[in-house]
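Colleague: I'm new to reading structures, so could we go through this one together, a question at a time?

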Amino acid sequence: MMRKPLFIALLMGAVLISVPSRAKETMRERREKKKEERVPFKDISFRDSLDHKFDMSQFLIDVNGFIPMVTIISEPALGGFGIGAAPIFLNKRPPVIRETKKGRRLVLPVAPDVTAFGGFWTLNNSWGALAMRTGSFDKGLFQYIGGAGYVNINMSFYRDIQIGDTDYGNTGFAFNIKSVPVFAQLTTRLGYSKWKAGLAYLFLYSKLKYVGDPLPYPLPDEFTSQIDNDKIVSQLGMVVEYDGRDNTFTPDKGIKFHVDGGMSKPWLGSDFDYWRLNYYTYMYVPFRFNIIGGLRIDGQQAFSSPPFYMLPHIDMRGVPAGKYQGNADILTEGEIRWDVVPRWSVMAFGGAGKAFDKWSEFGKADWVYNYGTGFRYLIARKFKLRIGLDIAGGPDGSWGYY
């Protein structure tokens, strides 16, 4: 049975109450206006007006349509095969135009609203259902993210085990994790800049059970203290972000920088007492009009005693999730996209990273790498949204589709 739900209800209520009444009126007015402008479905074309290729932009914009996203899940940590499906609704937002005191005209892009809900199932009987929404109000001044769901995950976590003189090497411990995640974030744009800052909150109710084979030695202490009991993570933090990309979905140029730090404390209703820091940078550079280079730098750091399933880990395509963990990790990944023709692109990518417990151990930690290729199709030109499939390989012969 979930404990301490009052704090969660009060927090979510405070977020809703904090929305200015004028912003609520503006949203209602926008919905009414869209109803009046809505195009009959029979008049919707799935051919683009410029190149006459298959395109879903008009369906998304004029009738509040959706992209039916179906994906193969080949995550090695979840059994190697599965399927996920979700309708994704996009609502295009016009840019905000402002004039400074010096008379300079500024055009500030506003990211589209995104609503999605769906589910997944994998071969090792992991499954889940999730819903999320990102959006903005008050002419893009405030941005929000919200999501919730239920997941039942069967997954192994790895540790180097040595008992006396016997070295068992890097051993996997299989767990069943039933979780209810709830996430909320509210940020505000800082002046007329591309910077924003705000608050984020994570609630995670979990119940864990060891489901692996019998062991010739006791289960490590970090696992035994967290299984067969209900556990709650209640984490409150701050977010700072700069987004100078030319597009939210498939950028051609620009940079995005993000850092967030959160604390999980008993006074927040948490069973764990720790801090966490996340940071990442995405950079995009056009080498030619149809060749785009991308670079990702990503790191995480945990302080004190987080649950083992919340420890930083190497998160790259082709690398089993949760296999390479530590109190800190850092990685980099490069990518090249070649737009062979305006609608179709091919990709190549690769990267490397390390997970470790102390920065003094960085030099001794093993490198974890990935590599792969894929393709993209420009399915909604007015959103610059490209979708496709990647195949990636990693260490120890692991691979997957993404």
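Colleague: Which side chain does the side chain of asparagine 176 join in a polar contact of 2.7 Å?

Modeller: Keep in mind that this is a predicted model. Asparagine 176 sits in strand β8, residues 166-189. Skipping neighbours within four places in sequence, its contacts include Asn152, Ile153 and Asn154. Of these names, the one joined to asparagine 176 by a side-chain polar contact of 2.7 Å is asparagine 152.

Colleague: Is asparagine 176 buried or exposed?

Modeller: Its relative accessible area is 9%. The cut-off for buried is under 20%, so with 9% asparagine 176 counts as buried.

Colleague: OK, what about histidine 258: is it buried or exposed?

Modeller: You'll find histidine 258 in strand β11, residues 254-264. Its relative accessibility is 6%. Buried means under 20%, so histidine 258 is buried.

Colleague: Which side chains make polar contacts with the side chain of histidine 258?

Modeller: Start with what histidine 258 touches beyond four places in sequence: Val239, Val240, Glu241, Asn278, Tyr279 and Tyr280. From that list, glutamate 241 has its side chain joined to that of histidine 258 by a polar contact of 2.7 Å. Another 2.7 Å contact links the side chain of histidine 258 to that of aspartate 260. So the names you want are glutamate 241 and aspartate 260.

Colleague: Let's move to the strands. Which residue in β16 is the bridge partner of serine 345?

Modeller: Serine 345 is in β15, where it stands opposite aspartate 339. That fits with β14 (residues 328-339) and β15 pairing antiparallel over 12 bridges, as a hairpin with four residues between them. β15 is also joined to β16 (residues 368-380), again antiparallel, by 10 bridges. In β16, the partner of serine 345 is arginine 376.

Colleague: And which element gives the most to the lining of the second largest pocket?

Modeller: This pocket holds about 780 Å³ of space. It is lined by 29 residues, and the closest to its centre are Asp160, Asn170, Gln325, Gly326 and Ala355. Two elements give two or more residues to the lining: β7 (142-163) and β15 (344-356). The top contributor, with three residues, is β7.

Colleague: Last one: how many residues of that pocket's lining are charged?

Modeller: The lining of the second largest pocket splits into three groups. There are 12 nonpolar residues and eight polar ones. The charged residues number nine.

Methods: Residues numbered from 1 in each chain as written. Predicted model: local features only at pLDDT ≥ 70, side-chain atom pairs only at ≥ 80, totals over all residues. Heavy atoms only, no water. 1 Å grid on protein atoms, 1.4 Å probe; cavity = no way out; pocket = protein on both sides within 12 Å on 5 of 7 lines; lining within 4 Å. Points joined across faces, edges and corners; volume = space filled by probe spheres on them. Nonpolar A, V, L, I, M, F, W, Y, C, P; charged D, E, K, R; others polar. Pairing = 2+ DSSP bridges. Buried < 20%, exposed > 50% of the residue type's maximum accessible area, 1.4 Å probe, protein only. Polar contact = N/O pair within 3.5 Å; in protein donor to acceptor, adjacent residues only side chain to side chain. Contact = heavy atoms within 4.5 Å.
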